[in-house]
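Here is a short set of questions and answers for a first look. Keep the sequence and the 3D view open while reading.

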Amino acid sequence: MSPVLYLKCLLTDILKEKLKIPLINEAREKALAIAAQQHMSTLEYERRRATGTLESSSVRVAIAALGLSRVEKDALHNYPLFSEKCIEYNVEVSMPEFFEIPSKIYIPVLASCRVNSSKTRKQDHCFDTAEDDAIELPLTFKPWHVGRYPCHILLESKYDVRLFKIECVVNTDTFEAELEFVTPAYQAAIQDIPITNLSQQDWKLKADLNGHCFYGPPVIYVAPGETSMYPLMFKSTAECVTMGQLTLQNEADGTAHIFLLKGIATKPLALDHIKLDCQVRQTIQKVIMVPNFTKNELIYKVSSDLPIVSGEMTLKVEPGDTAAYTLNISPWKRGNFNGIIVFVAEDKKQQHYEQDSLLEEPDGQYSQRSSTEKLETHNEYKSSCYKVWFSLEIHSMPAQPEKTLNVECAVLNTIEIGIPITNPTDDVLELDVELIDAIILHGENKLVLEPKETLCYEVKYSPATTGHMDGSVIFTSEKLGECWYALKLNGQIPHPIKLPEVKCELGKWVSQHIPLVNSTYEILELEYVNSNPDHFSMEIDPKAQLTVAPHSTTEVSVLFCPSALGRTNHTASIIFKCPQLEEWVFYLSGIGLIPQPMEPASVSSCLGHHSSIIVNFKNPTFEEVVVDIILTDHDHITDYHHATPCHHSSKDSIFWLPLKEKQGSTFMV
């Protein structure tokens with residue numbers, strides 16, 4: 001295979017080189033010598049090998065003369081006797097649009113000969129030999145684009161032909177891409193870079209990777225017509241900003257793929273989320289394995305935003321190793337606690353570290369405050385500290401109650417529960433009070449006790465529904481922790497309500513209102529049952545739903561119509577039913593009174609004429625009654641024993657009853 005001369009330049013450059021053209025065509029001379037040796041006899045070969053003339057010029061000329069005509073043989077033998085003592089070569093280039101080269105060249109026959117430039121014509125080119133065995137051929141290369149430019153240079157004379165191969169590789173002076181990696185510390189970010197081989201030969205690309213925390217394989221192979229991925233990884237062991245550069249050098253064609261790199265390592269993520277269950281007033285321990293991702297020994301400072309956790313203030317971890325840290329959890333009250341524990345190893349040059357920047361904000365989330373103030377953005381990798389952290393989720397369950405109280409109360413009523421509480425300390429004690437269930441339990445949310453003082457804390461219980469439920473009264477303070485009382489609450493059906501007794505004349509009716517007072521937070525949808533609808537009738541649309549809103553009052557009207565004198569059969573119970581109350585009973589009662597004169601009935605008539613009026617009389621009882629009808633006026637009393645229905649005089653009343661029988665009239669119910 002013919003050797004290839006490789007050249008390299010940038011896209012914006014114009015490459016000018018001088019190629020070394022040997023005076024003697026070594027390939028031709030060697031081929032002639034080999035051919036001559038093949039035509040020698042064994043004796044001749046041994047004789048010349050012994051004398052060292054196997055490759056003498058006479059041998060090469062003799063073999064070159066084989067197959068030539070007589071004229072050609074004479075010219076060959078007279079080869080060194082040319083007057084100009086040089087051979088003219090026509091020069092051709094395979095890529096003339098990119099490579100500029102002289103069209104002719106003159107090569108001296110002997111190494112000691114020099115071409116006389118004055119004898120040449122102006123359009124021809126003669127050159128001085130740079131050395132005794134070579135002359136220089138000027139070459140100018142002007143690239144158009146990035147890539148490979150393989151070119152053949154052909155030198156042809158009437159004696160021999162020479163072929164030279166050159167290949168110029170053009171790279172750009174700019175980056176192919178700028179890659180930015182943003183990832184939390186200790187987390188790897190991987191970017192696959194595609195490399196496509198459009199040539200016909202295998203590619204071997206060597207990776208030159210500069211920059212801290214960037215990683216990738218040293219070599220990548222790409223088959224012809226295929227695309228391979230170069231996996232580039234950025235992984236930092238601390239918060240930082242670092243710059244780098246990746247150069248993929250193609251050994252096949254000399255091209256280079258250059259990528260500018262920027263890595264940003266932000267605050268690290270939690271290495272683990274630790275969930276713990278514990279009980280108030282008890283201490284549990286949790287062992288945490290803390291890693292050291294660096295190559296140096298680290299001494300971590302330990303801090304946490306949860307006051308219920310404790311442990312050693314420092315932790316020593318060997319390079320690339322992990323160490324066990326024992327965390328103590330001592331909750332003083334119930335509930336869910338979310339926080340973090342942070343392990344920070346300071347730089348030796350750093351004297352102080354602001355712990356507040358490591359802890360979470362008040363809402364429990366890890367602080368996302370900008371960290372660029374402590375980061376260096378130039379090419380050197382710098383970091384002020386190494387830190388790892390764990391998120392904590394602690395579920396604290398209550399201890400046993402101080403006492404369990406059984407409380408019963410009717411729905412819609414309220415009772416007070418007295419709980420004695422004592423301050424055993426010599427200081428003023430402030431207690432926070434929490435009520436569960438706070439909807440049906442009411443009381444002060446803070447309590448202040450003087451030293452050694454005992455108070456009775458009052459809780460009001462107002463059940464909204466019937467049935468059993470649990471409640472709690474919790475007293476908490478940072479000094480004493482938590483103590484609490486368990487309440488077994490029993491909501492009973494409302495007590496029956498007896499409304500005032502009403503009075504009504506026989507034959508009339510009177511209205512009475514039932515107040516439905518809903519003191520609960522529930523919406524009451526009521527249905528009712530009336531035990532005595534004959535004497536007490538509800539003024540409610542039977543098609544409408546009777547609803548009482550929370551903390552409101554609705555009045556229901558009831559009509560009382562007595563059927564007899566006195567209290568006989570004049571009682572009723574109105575029962576309202578709903579899921580919350582079960583039964584809500586109201587007792588009603590009434591008295592039937594002797595009827596009083598009815599409202600006056602008016603009638604008018606023209607003089608000498610008469611008119612009539614109908615007086616309605618309803619039997620209010622449930623039995624037949626026999627009545628006597630007596631008609632009276634202010635001036636006369638009609639003698640009903642002698643009066644007739646159609647007889648009257650000026651001395652008689654102007655009113656009469658057109659009845660056949662005024663005595664012993666019967667009225668049905």
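## A first tour in questions

Q: Where is N423 placed in this predicted model?
A: Look at two strands, β26 (415-422) and β27 (429-436). A loop runs between them. The place of N423 is in that loop, between β26 and β27.

Q: Is N423 buried or exposed?
A: Buried means under 20% relative accessible area. The relative accessibility of N423 is 0%. Therefore N423 counts as buried.

Q: How far apart are the C-alpha atoms of N423 and P451?
A: Along the chain, N423 and P451 are 28 residues apart. In space, P451 is in contact with N423. Other contacts of N423, leaving aside neighbours within four places in sequence, include V428, L429, L449 and E450. The C-alpha atoms of N423 and P451 are separated by 5.9 Å.

Q: In what order do the three strands of the open sheet with β10, β12 and β14 lie?
A: The edge strands are β10 (189-196) and β12 (214-215). Each of these pairs on one side only. The pairing in the sheet is antiparallel. The order is β10-β14-β12.

Q: Which residue in β14 stands opposite I193?
A: β10 spans residues 189-196. Its pairing with β14 (residues 227-234) is antiparallel and runs over eight bridges. Opposite I193, in β14, stands Y230.

Q: Which side chains make polar contacts with K104?
A: K104 sits in strand β5 (residues 104-108). One polar contact of its side chain has a length of 3.0 Å, and the partner is E88. Another is 2.6 Å, and the partner there is N90.

Q: Which strands does the salt bridge between K104 and E88 link?
A: Side chains of opposite charge can pair when their charged atoms come close. For K104 and E88, the closest N and O atoms are 3.0 Å apart. The two residues are 16 residues apart and belong to distant parts of the chain. The strands are β5 for K104 and β3 (residues 86-93) for E88.

Q: Is E88 buried, partly exposed or exposed?
A: Buried ends at 20% relative accessible area and exposed begins over 50%. E88 has 33% relative accessibility. So E88 counts as partly exposed.

Q: How many residues apart are E136 and K20?
A: E136 and K20 form a salt bridge, with the closest N and O atoms 3.2 Å apart. E136 is in strand β6 (residues 134-141), while K20 is in strand β2 (residues 15-22). The pair links distant parts of the chain, at a separation of 116 residues.

Q: Are D160 and R162 buried or exposed?
A: The side chains of D160 and R162 meet in a salt bridge of 3.3 Å, N to O. The relative accessibility of D160 is 9%, so D160 is buried. For R162 the value is 6%, so R162 too is buried.

Q: What is the accessible area of the nonpolar surface patch that includes V615?
A: V615 lies in the loop between β41 (582-593) and β42 (625-627). At 65% relative accessibility, V615 counts as exposed. V603, I613, I654 and F655 form the patch with V615. Together they have about 490 Å² of accessible area.

Key:
Residues are numbered from 1 along each chain as its sequence is written. This is a predicted model: local features need pLDDT of at least 70, side-chain atom pairs count only at pLDDT 80 or more; totals for chains, interfaces and linings use all residues. Side-chain values use heavy atoms; hydrogens and water are left out. Two strands pair if DSSP finds at least two bridges between them. Helices (H or I, at least four residues) and strands (E, at least two) are DSSP runs, numbered from the N terminus. Buried means under 20% relative accessible area, exposed over 50%, partly exposed in between (1.4 Å probe, protein chains only). Contact means heavy atoms within 4.5 Å. A polar contact is a pair of N or O atoms within 3.5 Å; within protein, one must be able to donate a hydrogen and the other to accept it, and residues adjacent in sequence count only if both atoms are side-chain atoms. Patches are made of residues with over 30% relative accessible area and no salt bridge: like charges are joined within 9 Å, nonpolar side chains (Val, Leu, Ile, Met, Phe, Trp, Tyr) within 5 Å. Accessible areas come from the Shrake-Rupley method with a 1.4 Å probe; for residues, only the protein chains shown count as cover. A salt bridge is a side-chain nitrogen of Lys or Arg within 4 Å of a carboxyl oxygen of Asp or Glu.
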